[in-house]
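I opened the notebook to record what I looked up about helix packing and burial. The entries below follow the order in which I went through the helices.

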Amino acid sequence: MATRALIGYFDDDRVLTTTYNHYDGYPDHLGKMLDKYFSNEELAKKIAGTGYISYIDDDGNIEANNKRNPDKTELGRDLDWEDALFEMAKEIDNYGADFAYIWYEGDGDWSEIKNTGIRSMVDQLANQLASAATMYGPVDEDRKVFDYNKLTRKQIEDLEDLKLKKENMNMILDKVKEIKPLFPGMDDKILVDFVKTHMEDIKSASDEDIKDEFEEFFSVNYETGADYMEEKLYTANEMGDKAVEDESASGAFEEAVNWRGETLKEQFKRLSK
């Protein structure tokens, strides 16, 4: 199972350079590999600028199945230290990362952040990157953690929107997992699209009702027996007879099946009851 991570390099120009790591991003592996093989300024900057990493093996070799440029986030200009912390935490969350490892140019070591929510990450970042705060002006020694009372309206909206999107997607994926046994062999992407557009209709529906909803959705959006219909309107029985006439000579009628595993003949027979 993938344990995603963000690997970052934060420089004195207030730019955060980040790379995505897909597998084995937990501290007992990636954290140890970074400490062992990438624990100086030059190497930390290089790995954070890789862009995409599949995983790092036990000998420190980087495996990458994809190529991508690193992301660069400017955390200067009109931002204060609290804004910068918020943007860092949001970047980690946008990566879908379970952990983040950030090297600050002024510290010379890796800071380890666990994604337990943006608020928690902001606090972790404030504590572990405390020396970077001097770039943003005097530090209030009485308040070394993020003050959520000073969030701007835009930051609150971004945070709430991000949280809502994650909650909605989790609900969708949970529902897909629940109904998947009803549709053996069906592509997960199709099931996700179905749940996204029919969540309210199927939330408390029976298995048969869900199947009926899916059949309608599938017939509208994907190739099914409906493609055999002509412009002329037929009854269900006539439609079945017409398909038989058109396809039986080639044998395709008996071979074609819908998502239920039914031949067209079986499908028309069920629908005409």
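These are my notes on three places in the structure, which is a predicted model.

Entry one, the pair H6 and H7. I looked up how helix H6, residues 188-202, sits against helix H7, residues 207-221, and found an angle of about 125° between them, with the axes 10 Å apart. Since angles of 65 to 115 degrees count as roughly perpendicular and those over 145 as roughly antiparallel, this makes H6 oblique to H7. The crossing of H6 and H7 is right-handed.

Entry two, the residues at that contact. From H6 I listed Ile 190, Leu 191, Asp 193, Phe 194, Thr 197, His 198, Asp 201 and Ile 202, which meet Ile 210, Glu 213, Phe 214, Phe 217 and Phe 218 of H7. Sorted by class, the contact of H6 with H7 comprises 8 nonpolar, 2 polar and 3 charged residues.

Entry three, helix H2. Which residues of H2, residues 41-48, are buried? I noted Ala 44, Ile 47 and Ala 48, and because they cover an arc of only 100° around the axis, they lie on the same side of H2. An α-helix has 3.6 residues a turn, so residues three or four places apart point the same way. On the face of H2 turned away from its buried side I found the exposed residues Glu 42, Lys 45 and Lys 46.

Entry four, helix H1. Within H1, residues 27-37, I recorded His 29, Leu 30, Gly 31, Met 33 and Leu 34 as buried. I then looked up what covers the buried residues of H1, and the cover includes H2 together with strands S1, S2, S4, S7 and S8.

Definitions and conventions:
Residues numbered from 1 in each chain as written. Predicted model: local features only at pLDDT ≥ 70, side-chain atom pairs only at ≥ 80, totals over all residues. Heavy atoms only, no water. Axes fitted to C-alpha atoms, helices over the stretch in contact; angles between N-to-C directions. Helix = DSSP H or I, 4+ residues; strand = E, 2+ residues; numbered from the N terminus. Parallel < 35°, antiparallel > 145°, perpendicular 65-115°, else oblique. Left-handed = near helix turned anticlockwise from the far one by under 90°. Contact = heavy atoms within 4.5 Å. Nonpolar A, V, L, I, M, F, W, Y, C, P; charged D, E, K, R; others polar. Buried < 20%, exposed > 50% of the residue type's maximum accessible area, 1.4 Å probe, protein only. Arc of directions from axis to C-beta.
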